[in-house]
Amino acid sequence: MAFDQIRSGIDTAVGKFNEIVDQVKEWKWLLGPAALWWIKHNLDATRSALNAVLDHVDRALEHQLPVLSLINTSFRWVNDVKRPVSDLSFVTTEPVDENLAKWTGDAASAYNAKAVKQKAAIDESVLKSEFISQWLFKIAKANVDYAVELAKIVTGLAGKLVQAATEATTVIDLPWAISTLAESVGDSVTAGLNTLLTIGQRFVDALGNVRDIATQVGDYSKLPGGQWPQAVRG
């Protein structure tokens with residue numbers, strides 16, 4: 001799952017970054033001021049990129065449970081509302097007593113009028129439940145897409161830090177490994193975060209459709225007064 005990859009990836013990334021810092025401290029006494037400045041400059045750049053990703057990771061992990069809840073709720077609108085209500089569509093216009101088919105006059109007209117209204121209300125409820133289910137799922141999907149892309153960024157970042165930690169094992173290789181790390185991490189994180197912005201816009205667009213759902217919920221053309229049309233009135 002994307003959220004699990006994010007957790008393990010960020011743990012690896014942070015661990016390897018700290019390992020590199022420890023290697024710098026270990027070889028500090030052999031490095032001159034210029035080399036130390038160069039290393040610090042590149043480590044700061046790497047840390048900034050890592051912190052930028054961590055900000056997104058924190059927000060993504062905070063929304064993990066709400067996203068799962070949205071998905072579950074979306075399916076519940078289908079399974080617990082749409083499916084049982086749609087089963088009533090045929091039943092509404094099918095007389096439970098064969099004698100009802102023989103009714104004539106005002107009684108038959110009143111019964112048929114009520115049956116038509118009942119069926120219209122049922123069919124409208126089916127459409128509304130499907131709309132709400134799709135709306136919730138779009139929001140959940142935008143969040144999942146965001147998490148998947150973030151997992152790619154985190155995994156790539158962790159890989160680069162693992163490689164740098166492996167290469168920076170000697171005082172000679174250390175400055176170049178860190179310099180290469182800072183450049184590659186900066187480019188990949190910038191590109192990844194730009195992609196996240198695009199995905200984030202899809203989430204905003206999905207939320208923006210709240211007007212559409214308000215229109216659906218507020219449409220009482222087949223549910224008079226927002227209530228179910230009664231088959232029998234006192």
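**Pockets, a helix and a ring pair**

The largest pocket has a lining of 16 residues, and those nearest its centre are Arg59, His63, Asn143, Tyr146 and Phe203. This is a predicted model, so everything here is computed from predicted coordinates. The space in this largest pocket comes to about 320 Å³. Three helices each put at least two residues into its lining: α2 (33–62), α4 (105–167) and α5 (173–208). Of these, α5 chips in the most, with six residues. As for chemistry, the lining of the largest pocket is made up of 10 nonpolar residues, five polar ones and just one that is charged.

Next comes the second largest pocket, with about 180 Å³ of space. Its lining consists of Val21, Val24, Lys25, Lys28, Leu36, Ile39, Lys40, Leu43 and Arg47. Here the elements giving two or more residues are α1 (2–27) and α2, and α2 has the largest share, at five residues. Sorted by class, this lining holds five nonpolar and four charged residues, with no polar ones at all. Helix α2 thus turns up in both linings, giving at least two residues to that of the largest pocket and five to that of the second largest.

Helix α1 is worth a quick geometry check. With 26 residues at 1.5 Å a residue, α1 should span 38 Å, and its end C-alpha atoms sit 37 Å apart, which agrees. The buried residues of α1 are Ala2, Phe3, Ile6, Gly9, Ile10, Ala13, Phe17, Ile20, Val21, Gln23 and Val24. Two of these, Val21 and Val24, also belong to the lining of the second largest pocket.

That leaves the aromatic rings. A ring pair is described by how far apart the centres are and by the angle between the planes. The count in this model comes to one aromatic pair. The ring centres of Phe75 and Phe137 are 6.1 Å apart and the planes meet at 85°; with anything over 60 degrees counting as edge-to-face, the pair is therefore edge-to-face. The contact ties together distant parts of the chain, since Phe75 belongs to helix α3 (residues 64–93) and Phe137 to helix α4, 62 residues apart. How exposed are the two partners? Phe75 has a relative accessible area of 45%, so it counts as partly exposed. Phe137, at 36% relative accessibility, is partly exposed too. Both values fall between the 20% limit for buried and the 50% limit for exposed.

Methods:
Residues are numbered from 1 along each chain as its sequence is written. This is a predicted model: local features need pLDDT of at least 70, side-chain atom pairs count only at pLDDT 80 or more; totals for chains, interfaces and linings use all residues. Side-chain values use heavy atoms; hydrogens and water are left out. On a 1 Å grid over the protein atoms alone, a cavity is a set of points where a 1.4 Å probe fits but cannot get out, and a pocket is an open set with protein on both sides within 12 Å along at least five of seven lines; lining residues have an atom within 4 Å of a point. Grid points are joined across faces, edges and corners, and a volume is the space filled by probe spheres set on the points. Helices (H or I, at least four residues) and strands (E, at least two) are DSSP runs, numbered from the N terminus. Ala, Val, Leu, Ile, Met, Phe, Trp, Tyr, Cys and Pro count as nonpolar, Asp, Glu, Lys and Arg as charged, and the others, Gly among them, as polar. The expected span of a helix is 1.5 Å times one less than its number of residues. Buried means under 20% relative accessible area, exposed over 50%, partly exposed in between (1.4 Å probe, protein chains only). Rings of Phe, Tyr and Trp (its six-membered ring) pair if their centres lie within 6.5 Å; planes under 30 degrees apart count as stacked, over 60 as edge-to-face and the rest as tilted.
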